[in-house]
Amino acid sequence: MASPIKDDDTVKTPEDFPPLLSKKFNITDVKQDALKWDKEWEAAIASSTAADVLKEMSRFLDDSCFTPDAMEFFHQDLRSVQNNVAKILRNLFDEGHFDTIWLLLNVAEKKRHINEGLKGACEAPTFWGQDCRALCPEVTVSNLLTQGGKAFVDFLARVLELTESSLQPAFLPNPWWEQALNLPNPWWEETPDVPPRRQISQSTKLMFEVATINRNKFIGHFIMSSVLSIVSDITNRSGGMKGVLHVMENTKGYVARAIAQVKTTFRDKPLVRCENCTKTPEEIGQGVRFMVCSVCKAKLNFEIHYCSQSCQKQDWSLHKRTCGKKPVSKGLSGTKGDSLWAFGDSDPTANMIRDFGKKEGRHLTSLRDIGVNPCKGKRTPAADRQAEMLEADRNVDYFLFTASGEAVRFVIDDPGAKMIFRINRGWVMTKSSDTGLDAMGEYILKVMSGYPGLSRRIILKQLCEEHGAGTTKKIMGLEKKSREHGKSTFIDGWVKDSSSVFGDWSWLGSL
C-alpha cells in the first residue's frame, strides 16, 4: 500500500510518475519538435474533457495520498514560483518597454520564444512533467499569437494582476478545467486495469486541487522561461531582435508604439466568407461547413466559398460568367481576393482604398487610387487647385509649379514611401490633422529640389501659398531632426525602420 506524501518528498521530478497522457495521446517529445508537440496537445485537449484528464492522472494518485502538511507545502511552493513571476513581469512592464518590443517581433521569433517557454515548463519540477500541458488549454502557440501577439501580452498582464491581487496562491481561472471540480473518483471500487495498491478514495477534491496547483506552476514556469528567452535576446542583441531594437532606438517612442499597435490589427491569414451573404463561419455559428465551387477548384485550383447550397444558387447568376474560366471573386474584405486581407476591417487606410474601389465599381484597387477626399476644414485657393488636379490625375503624388507656372508631375516609385507620403498628404489636404505637412514637404524638397525649373526656394514658396506662412519653419524643423538621427528624410527613415519589422514593402506595389 502506498504511503501518504509527506512534506519532505512532495516535489517529485517528472520521472516519478509515468507519462500517462503523453503516451495515451501519442504526443511527440517537446525536445524533438515543439511545434508538433503543441499541435498534438491542442488536438488532444480538444477531444477530451477535463474529467478525462483528471481520471488518467488519478491512476497513481488520489485524495488518500495527500496529508494537510503536504497540501500546505504545495501552496507555499506555488506561491514562491508566482512571487518570482510577478517580480519579473512587474519589472518588465514598468521599465523595459517589453510589450512594444514583443509586438514588433516577427511571427517566427515569437513562436520560438513561446516554444522555449513550453520546453522550460516541461522540464520544471511538477508532478507530471509535460503531462501538465494537458491542464493548460490556454497556453498554445496559436492562442498566444492572435492579434499579432497581443494575446501573449494580455495573458502576462492577466497573470500579473491575479498574482498581485492576493498574498495567497493564485489560481488562473479556466472554465474547461473547472468542469472537473469535485467529481467522484472513477477508480473507486478498483477496476482490473488499475494495479491494486490501497483503498481508493471516493473523492477527487484534493486531487483536483493538487492538479490545479501543478497547472498554475506549469503556467508560472512557462512565463519565466519564455520571458527569459526574450530578455536574453534583448541583452545579446540577437539576429531576430536586432531590427526591433533598431526601431526602438532610432525612432521616437510614440512611433515605435504606433508601429507595434498597427501590427496587432494585422490578420495572420485570410478570412473565409460566403461569396453570396459575405458571412464568416464565426458569424454564422458552430456546425456550419463551408463549401467551395468544385468546378473552379478542379479546373483553376481556385476557391470560391459558400455557406450553403441556397447561397450558391443565389450567386450563380453572377458566378457562372467566370466559373471554371477565370479565377475571379468579389474580393470580399479580409479574404484572399482582397489585396488588403492582412489589414483589419477597422484600418482607416485600408478601408479608404477599399471604399474607393466600391465607389468606382472596381474589385482591384491601387495605392494610386487614393484620392484627396473632402476637406474637413478650409483650404487656401492654391490648395484647392492642388486638390482638384490630384483628383483629376490620381497617378500623381503632388503637382509642383515652376517659376513660369508650368506644372510638374511628382510621382513616387517606391511603394512604401508612396503609401506614407499619401497618408501624410491626406491629413494635410483634408485638414483632418495638424501633422503631415512637415514630412510631406521634407520629402518633396529632397527629391525635387534639383529638378529642372524647380528649386528649394520655389517649392517652399508654393507650399507656403498652399498651406500657410508657417510651412517653411515646420519643414526646416523636421529636416534638422532627420539630420540629427542620420536620416535622409522622415519618410525614408520610417520605411527603412519599419521594413525590419513588417518586411519588404514591395507587396504594396501589387495593389
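Trainee: Which residues have the most contacts inside the largest nonpolar core?

Mentor: In this predicted model, they are Phe 66, Trp 102, Trp 128, Phe 155, Trp 177, Phe 222 and Ile 223, in a core of 70 residues. Helix α10 (residues 205-236) gives the most to this core, with twelve residues. Another core, of 30 residues, lies apart from it and includes Tyr 398, Val 408, Tyr 443 and Leu 478.

Trainee: What is Trp 102 in contact with, leaving aside neighbours within four places in sequence?

Mentor: Trp 102 is in contact with Lys 110, His 113, Ile 114, Leu 145, Gly 149, Phe 152, Val 153 and Ile 230.

Trainee: Why is His 75 called buried?

Mentor: Buried means under 20% relative accessible area. His 75 has 19%, so it is buried. His 75 is found in helix α4 (residues 68-95). Not counting residues up to four places away in sequence, His 75 touches Pro 169, Phe 171, Glu 209 and Ile 213.

Trainee: Why are α20 and α21 called oblique to each other?

Mentor: The axes of helix α20 (residues 456-467) and helix α21 (residues 471-484) cross at roughly 125 degrees. Angles of 65 to 115 count as roughly perpendicular and those over 145 as roughly antiparallel. The angle falls in neither range, and α20 and α21 are therefore oblique. Their axes come within 8 Å.

Trainee: Which residues make that contact?

Mentor: From α20, Arg 456, Leu 460, Leu 463, Cys 464 and His 467; from α21, Thr 471, Thr 472, Ile 475, Met 476 and Glu 479. Five of the contact residues are nonpolar, three polar and two charged.

Conventions. Residues are numbered from 1 along each chain as its sequence is written. This is a predicted model: local features need pLDDT of at least 70, side-chain atom pairs count only at pLDDT 80 or more; totals for chains, interfaces and linings use all residues. Side-chain values use heavy atoms; hydrogens and water are left out. Helices (H or I, at least four residues) and strands (E, at least two) are DSSP runs, numbered from the N terminus. Buried means under 20% relative accessible area, exposed over 50%, partly exposed in between (1.4 Å probe, protein chains only). Contact means heavy atoms within 4.5 Å. A nonpolar core is a set of buried Ala, Val, Leu, Ile, Met, Phe, Trp, Tyr and Cys residues joined through side-chain atoms within 4.5 Å. Axes are lines fitted to C-alpha atoms, for helices over the stretch in contact, and angles run from 0 to 180 degrees between N-to-C directions. Angles under 35 degrees count as roughly parallel, over 145 as roughly antiparallel, 65 to 115 as roughly perpendicular and the rest as oblique. Ala, Val, Leu, Ile, Met, Phe, Trp, Tyr, Cys and Pro count as nonpolar, Asp, Glu, Lys and Arg as charged, and the others, Gly among them, as polar.
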